Amino acid sequence: MDSTNTQDQVPPVSLTKKARKELIIKQVNIHTRITYSELVNLINVSEDTIRRDVNELAEEGKVVKIKGGAMSIAYHYGHESETYAQNNKLVIAEKTLQLLRDDMIVLIGGGTTIREFIKKIPATLRATFITVNVLSAVELLDKPMIKTIVIGGQISAYSQMTVSGEVFEYLSNIKADLCIIGTNAIDPVHGLTDADWETIQVKKAMIKAADQVAILAISEKLNSSMKMKIADLQDIQYLITELPADHAALQPYKAQNLTIL
């Protein structure tokens, strides 16, 4: 399953170097991270060309190089001010607050939308948050009534999540009230997908370890898919975007019995 986005026009075969680099930045910002092979399929040039473009963009401080691809600069620690589509993510963060209740156990992932959500959590909320993302844990430390638990282990350079065996053992022994995670791609047919095997396995375990699951995604991620499946839409309960819940673009998701916020 190759990365696609039905909201984007297929780029012409012969893009200029400037246009290629602009397209790479846009795709990286929308999906947080993207592989060389996905960019090759999208732009229709050689992988060597894509690698050179990514190298130059990394040197210019516009993306972060990771193994096999590139990651959004905003996802990297210390670059929070460069968050892509920040206003939309603030809307999503505000909507997500309505799912919180005192004394909940919340399993939470990482990413720029999650970061904006954590910042908006009221200081008066009393709850336990369990996370596989160190940066999410740091944000949660500002919330005086929240008990924060970080599941330790090896950290993935791709997703900045802990991905080693300790994670799966811990998750297999808990049942959270709510799991809140982002996604790099979501589609009514293919469900939640990603390109990194380790990240996918952890997200699968997180979904299984919670009674309810909420997916946070800007609308630019809708109707897109990546190489490997995380879950079907039937495995999640909430989809939260910046769009109004009755927006036409969300109807195919509502038809899957998702609650749209």
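## A walk through the fold, starting at Leu 97

Leu 97 is buried, with a relative accessible area of 18%. That puts Leu 97 under the 20% cut-off for a buried residue. Keep in mind as we go that this is a predicted model. Leu 97 sits in the loop that connects helix H4 to strand E5. Leaving aside residues up to four places away in sequence, Leu 97 touches Phe 117, Lys 120, Ile 121 and Pro 122. Take Pro 122 from that list: its sequence position is 25 residues from Leu 97, yet the two are 8.7 Å apart in space, C-alpha to C-alpha.

Before following those contacts, let's step back to the whole chain. The protein chain has nine helices and 15 strands. Its radius of gyration is 18 Å, close to the 18 Å that the globule rule gives for 261 residues, so the chain is as compact as a globular protein of that length. Lay the C-alpha trace along its principal axes and it spans about 55 × 40 × 30 Å. Of the 261 residues, 54% count as buried. As for how the chain meets itself, take the contacts with a separation of 6 or more: residues 24 or more positions apart account for 65% of them.

The outside can be summed up quickly. About 11,400 Å² of the protein chain is exposed, and carbon and sulfur atoms supply 51% of that area. There are 28 positive and 31 negative side chains, and the centres of the two sets lie 1 Å apart.

Now back to H4, the helix just before Leu 97's loop. H4 runs over residues 86-96, and its buried residues are Lys 89, Ile 92, Ala 93, Lys 95 and Thr 96. They cover an arc of only 165 degrees around the axis, which puts them on the same side of H4. The background is simple helix geometry: an α-helix has 3.6 residues a turn, so residues three or four places apart point the same way. And what does that buried set of H4 pack against? The partners are helix H5 (112-120) together with three strands, E8 (176-182), E11 (210-216) and E14 (238-240).

H5 deserves a closer look. Seven of the nine residues of H5 are buried, so this helix is largely enclosed by the rest of the structure. The buried residues are Thr 112, Thr 113, Ile 114, Arg 115, Glu 116, Phe 117 and Ile 118. Phe 117 has already come up, as one of the residues that Leu 97 touches. The cover over the buried part of H5 includes the helices H4 and H6 (134-140), along with strands E5, E6, E8 and E11.

Just past H5 we meet Pro 122 again, in the loop between H5 and strand E6 (127-131). Pro 122 is partly exposed, with a relative accessible area of 39%. Besides its link to Leu 97, there is a distance to check on the screen: the C-alpha atoms of Pro 122 and Met 145 are separated by 9.3 Å, with their positions 23 residues apart along the chain.

On the other side of H4 in sequence is Tyr 84, in the loop between strand E4 (69-72) and H4. At 21% relative accessibility, Tyr 84 counts as partly exposed. Not counting residues up to four places away in sequence, Tyr 84 touches Asn 29, Ile 30, Ala 74, Lys 89, Ile 218 and Glu 220. Lys 89 in that list is one of the buried residues of H4. Tyr 84 also has a C-alpha distance of 8.3 Å to Thr 112, 28 residues apart in sequence, and Thr 112 is one of the buried residues of H5.

Two loop residues have backbone angles worth a glance. Asp 103 has a positive phi of about 70 degrees although it is not a glycine. Asp 103 is in the loop between H4 and strand E5 (105-108). For Asn 223, also not a glycine, phi is positive at about 60 degrees, and the residue lies in the loop between E11 and strand E12 (224-225). Are these two buried or exposed? Asp 103 is exposed, with a relative accessible area of 52%, whereas Asn 223, at 18% relative accessibility, counts as buried.

Finally, move over to Gly 191 in strand E10 (residues 191-194). Gly 191 is buried, with a relative accessible area of 1%. Its contacts, again without residues up to four places away in sequence, are Ala 185, Ile 186, Ala 231, Asp 232 and Leu 233. From Gly 191 to Lys 119 it is 28 Å, C-alpha to C-alpha, with the two residues 72 apart in sequence.

Note on methods
Residues numbered from 1 in each chain as written. Predicted model: local features only at pLDDT ≥ 70, side-chain atom pairs only at ≥ 80, totals over all residues. Heavy atoms only, no water. Helix = DSSP H or I, 4+ residues; strand = E, 2+ residues; numbered from the N terminus. Rg over C-alpha atoms; globule rule 2.2 N^0.38 Å. Buried < 20%, exposed > 50% of the residue type's maximum accessible area, 1.4 Å probe, protein only. Contact = heavy atoms within 4.5 Å. Areas by Shrake-Rupley, 256 points an atom, 1.4 Å probe, with all protein chains shown as cover. Lys, Arg positive; Asp, Glu negative; His and termini not counted. Charge placed at Lys NZ, Arg CZ, Asp CG, Glu CD. Arc of directions from axis to C-beta.
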